[in-house]
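These are my notebook entries on one part of a model, written down in the order in which I looked things up.

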Amino acid sequence: MRVYTAAVDDIEEEMRPCEVAVAASPAVRKRRGLASAARTAARALADVFLPRFCIVCGRLVPCESEADVCDECRMQIALPEGHYCAKCGAPMARYAAKCPNCRNMSLAMDAATAFGFYTEPLRERLIDFKFNGKQYLARTFGMLVAGAVRRSWLDAAFDAVVGVPLHRGRRNNRGFDQGQILAQYTAGALGIVHRPGLLKRARATRSQVGLSKTARMRNVKGAFKAAPGGNLETVLLVDDIMTTGATLSEAARALKRAGVGSVYGAVVARAGFEYNAPGSSPPDDEEESFE
Ligand SMILES: [Zn+2]
Ligand SMILES: [Zn+2]
């Protein structure tokens, strides 16, 4: 894996060596002062003419915010500080030796992370995105996934972003493929190329809802095919929700068979660990297909 140097914002702030030499001159300081004032004015104008609203509570979000989620709601829906399995991203007890989720599974991805838990109010927003025609939420979800990726893997560099694809039939029914749209926005936020053609779902699979861990693995076995000649060192695989990681793992397996070196998985929300998130309910509603 190559070394990831800095977030996009940091790169903009970096000075080239020739700029460092003249940084102390009054002319440069004056220019910087004017530029800073112009940026402040531009932000104030953006707040008035291009207002952004929190997708959870509807309050105005400052234009410099990373995504359309206010600080209060972010505190409520983001994964709390804690211990998470390096392999599957599941929350773990502080001194647990083994992850309760993946100790009996052979997961093909190298690591996984999530922005938040699949609990209210994030769950309701994801249902709006997938089933209630609110595709505009993909932009914010993509930025939240990108933020989780930056925080989880500071030193990782990805050659491409790939979404976990729906089968053609399901995509035609729904009218869009949520994994690919999320991947597109995540890639944009990270400044990495999106490769939607790299991974295909070779066969339709039944919903994973209500299946045991073993049944989930069996259900998605061989469901994906990756285009040959990928030849990529590290790929970021994006989906909306993850429970045991069986689907991400099978998609990662197909990518690796096609020559990808490492696959990291990132999702908006992590389900199946409700005991760890207050005020939540298990995702047992058949309407909430995990695909
Ligand atoms: Zn809010
Ligand atoms: Zn694990």
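Entry 1, the helix pair. I looked up how helix 6 and helix 8 pack in this predicted model, and found an angle of about 55° with the axes 7 Å apart. That angle makes helix 6 oblique to helix 8, and I noted the crossing of the two as right-handed. I then listed the residues that meet there: A138, R139, F141, G142, M143, V145, A146 and V149 come from helix 6, and they face I181, L182, Y185, T186, G188, A189 and L190 of helix 8.

Entry 2, burial of helix 6. I asked myself how many of the 16 residues of helix 6 are buried. The count is 12, so I describe helix 6 as largely enclosed by the rest of the structure. Among the buried residues I wrote down L137, T140, L144, G147 and A148, and also A138, F141, G142, M143, V145, A146 and V149, these last seven being residues that I had already listed as meeting helix 8. When I looked for what covers the buried residues, I found that the cover includes helix 5 (122-131) and helix 8 (178-190), together with strand 5, strand 9 and strand 10.

Entry 3, the span of helix 6. I checked the length of helix 6, residues 137-152, and from its first C-alpha to its last it reaches 23 Å, close to the 22 Å expected at 1.5 Å a residue.

Entry 4, helix 6 and the sheet. I followed helix 6 across strand 5, strand 9 and strand 10 (262-270), and noted that it runs at about 130° to strand 5. The sheet is an open one of 4 strands, in the order 5-10-9-6 and with parallel pairing. Strand 5 (111-117) and strand 6 (160-163) stand at its edges, and because each has a single partner strand, one side of each is left without a neighbour in the sheet. On average, and with direction ignored, neighbouring strands of this sheet are turned by 20° against each other.

Entry 5, the strand 6 edge. I looked up the pairing of strand 6 with strand 9 (residues 234-242), which is parallel and extends over 4 bridges. As for single residues, I recorded A160 as standing opposite V235 in strand 9.

Entry 6, the loop after strand 5. Which residues does a cis peptide bond join here? They are E120 and P121, with omega at about 0°, and I placed P121 in the loop between strand 5 and helix 5.

Definitions and conventions: Residues are numbered from 1 along each chain as its sequence is written. Chains are lettered from A and ligands numbered from 1 in the order in which they are written. This is a predicted model: local features need pLDDT of at least 70, side-chain atom pairs count only at pLDDT 80 or more; totals for chains, interfaces and linings use all residues. Two strands pair if DSSP finds at least two bridges between them. Axes are lines fitted to C-alpha atoms, for helices over the stretch in contact, and angles run from 0 to 180 degrees between N-to-C directions. Two residues are in contact if their C-beta atoms, placed from the backbone, lie within 7 Å. The expected span of a helix is 1.5 Å times one less than its number of residues. A residue is buried if 20 or more other C-beta atoms lie within 10 Å of its own, exposed if 12 or fewer, and partly exposed in between; C-beta atoms are placed from the backbone. Angles under 35 degrees count as roughly parallel, over 145 as roughly antiparallel, 65 to 115 as roughly perpendicular and the rest as oblique. A crossing is left-handed if the near helix is turned anticlockwise from the far one by less than a right angle, and right-handed if clockwise.
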